[in-house]
Amino acid sequence: MSDLRSLTIMLDLPPVGELSQNARHGSPMGRRISAVAKRRYQEHVISEARLAWGPGEYPRWERATVGYAFYFPDNRERDEVNYIAAMKCAIDALVKVGFLAGDNWQRLHMVEPVFGIDPETPRAMLHFERVEE
């Protein structure tokens with residue numbers, strides 16, 4: 001088992017319009033678009049997590065904190081809550097591959113998110129700290 005205590009995963013900004021709970025999912029096409037967007041973003045998350053983990057056995061953390069950071073290319077107004085909610089599928093992907101034991105409140109605690117501007121490298125970041133039992 002890895003002795004990794006923290007992990008930062010750099011990601012593309014999530015496709016909020018397609019992952020948001022506010023998106024139009026009432027039609028079959030809307031549901032399909034959402035499902036495809038979710039699957040693609042989860043594949044992206046898993047791929048980037050594997051790069052961050054490096055070679056060897058993947059860790060499995062029973063409890064952790066997660067911090068979200070979002071860096072946008074410009075100063076346009078954005079709904080912070082929608083970006084945080086869109087990351088639910090990223091967390092689900094990490095549970096699915098076994099990095100996190102679960103995503104309920106007893107296992108995963110969210111710290112205050114960070115929002116900023118970086119025209120050169122817009123991105124989302126997930127930063128995890130393992131919580132010792």
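A salt bridge here is a side-chain nitrogen of Lys or Arg within 4 Å of a carboxyl oxygen of Asp or Glu. By that criterion, the whole structure holds 9 salt bridges.

The model is predicted: local features need pLDDT of at least 70, side-chain atom pairs count only at pLDDT 80 or more, and totals for chains, interfaces and linings use all residues. Residues are numbered from 1 along each chain as its sequence is written, and side-chain values use heavy atoms, with hydrogens and water left out.

**Exercise 1. Place strand β5 in its sheet.**

Task: State which strands pair with β5, in which sense, and over how many bridges.

Solution.
- Step 1. Fix the terms. Helices (H or I, at least four residues) and strands (E, at least two) are DSSP runs, numbered from the N terminus. Two strands pair if DSSP finds at least two bridges between them.
- Step 2. Take β1, residues 6-11. It pairs with β5 in the antiparallel sense, over 6 bridges. E129 in β5 is the bridge partner of S6.
- Step 3. Take β2, residues 64-72. Its pairing with β5 is also antiparallel, over 8 bridges. In β5, M125 stands opposite A69.
- Step 4. Check burial. Buried means under 20% relative accessible area, exposed over 50%, and partly exposed in between (1.4 Å probe, protein chains only). Of the 8 residues of β5 (123-130), 6 are buried, so the strand is largely enclosed by the rest of the structure.

**Exercise 2. Dissect the largest nonpolar core.**

Task: Find which elements build the largest nonpolar core, and which of them gives the most.

Solution.
- Step 1. Define the set. A nonpolar core is a set of buried Ala, Val, Leu, Ile, Met, Phe, Trp, Tyr and Cys residues joined through side-chain atoms within 4.5 Å.
- Step 2. Size the core. The largest one has 31 residues. Y41, M87, L94, L126 and F128 have the most contacts inside it.
- Step 3. Assign the contributors. At least two residues come from each of β1, α1 (16-19), α2 (28-53), β2, α3 (80-86), α4 (88-96) and β5. Helix α2 gives the most, with 6 residues.
- Step 4. Zoom in on L94. Contact means heavy atoms within 4.5 Å. Not counting residues up to four places away in sequence, L94 touches I9, V45, A49, W53, F99, L100, L126 and F128.
- Step 5. Look at α4 itself. Its buried residues are C89, A90, I91, A93 and L94. Just after this helix, G98 takes a positive phi of about 95°.
- Step 6. Recall the general trend. In soluble globular proteins, nonpolar side chains tend to be buried together.

**Exercise 3. Trace the salt bridges of K88 and R107.**

Task: Decide what parts of the chain the K88–D103 and R107–E62 pairs tie together.

Solution.
- Step 1. Start inside α4. K88 and D92 form a salt bridge, with N to O at 2.7 Å. Both lie in this helix, 4 residues apart, about one turn.
- Step 2. Add the other partner. D103 and K88 also meet in a salt bridge, at 2.6 Å from N to O. D103 lies in the loop between α4 and β3, and K88 in helix α4, so this pair ties together parts 15 residues apart in sequence.
- Step 3. Check exposure. K88 is partly exposed at 42% relative accessibility. D92 is partly exposed at 23%. D103 is partly exposed at 31%.
- Step 4. Turn to R107 and E62. Their closest N and O atoms are 2.8 Å apart. R107 sits in the loop between α4 and β3 (108-110), and E62 in the loop between α2 and β2, so the pair ties together parts 45 residues apart in sequence.
- Step 5. Check exposure again. R107 is partly exposed at 30%. E62 is partly exposed at 34%.
- Step 6. Note a network. Salt bridges link R5, R130 and E132.

**Exercise 4. Map the surroundings of D118.**

Task: Is D118 buried or exposed, and which residues does D118 touch?

Solution.
- Step 1. Locate D118. It lies in the loop between β4 and β5. At 18% relative accessibility, D118 counts as buried.
- Step 2. List the contacts. D118 touches Y71, F72, P73 and R123, not counting residues up to four places away in sequence.
- Step 3. Pick out the polar contact. A polar contact is a pair of N or O atoms within 3.5 Å; within protein, one must be able to donate a hydrogen and the other to accept it, and residues adjacent in sequence count only if both atoms are side-chain atoms. The side chains of D118 and R123 make one at 2.8 Å.
- Step 4. Add T121. Its backbone nitrogen lies 3.1 Å from a polar atom of the D118 side chain. T121 is in the loop between β4 (114-117) and β5. T121 is partly exposed, at 39%.
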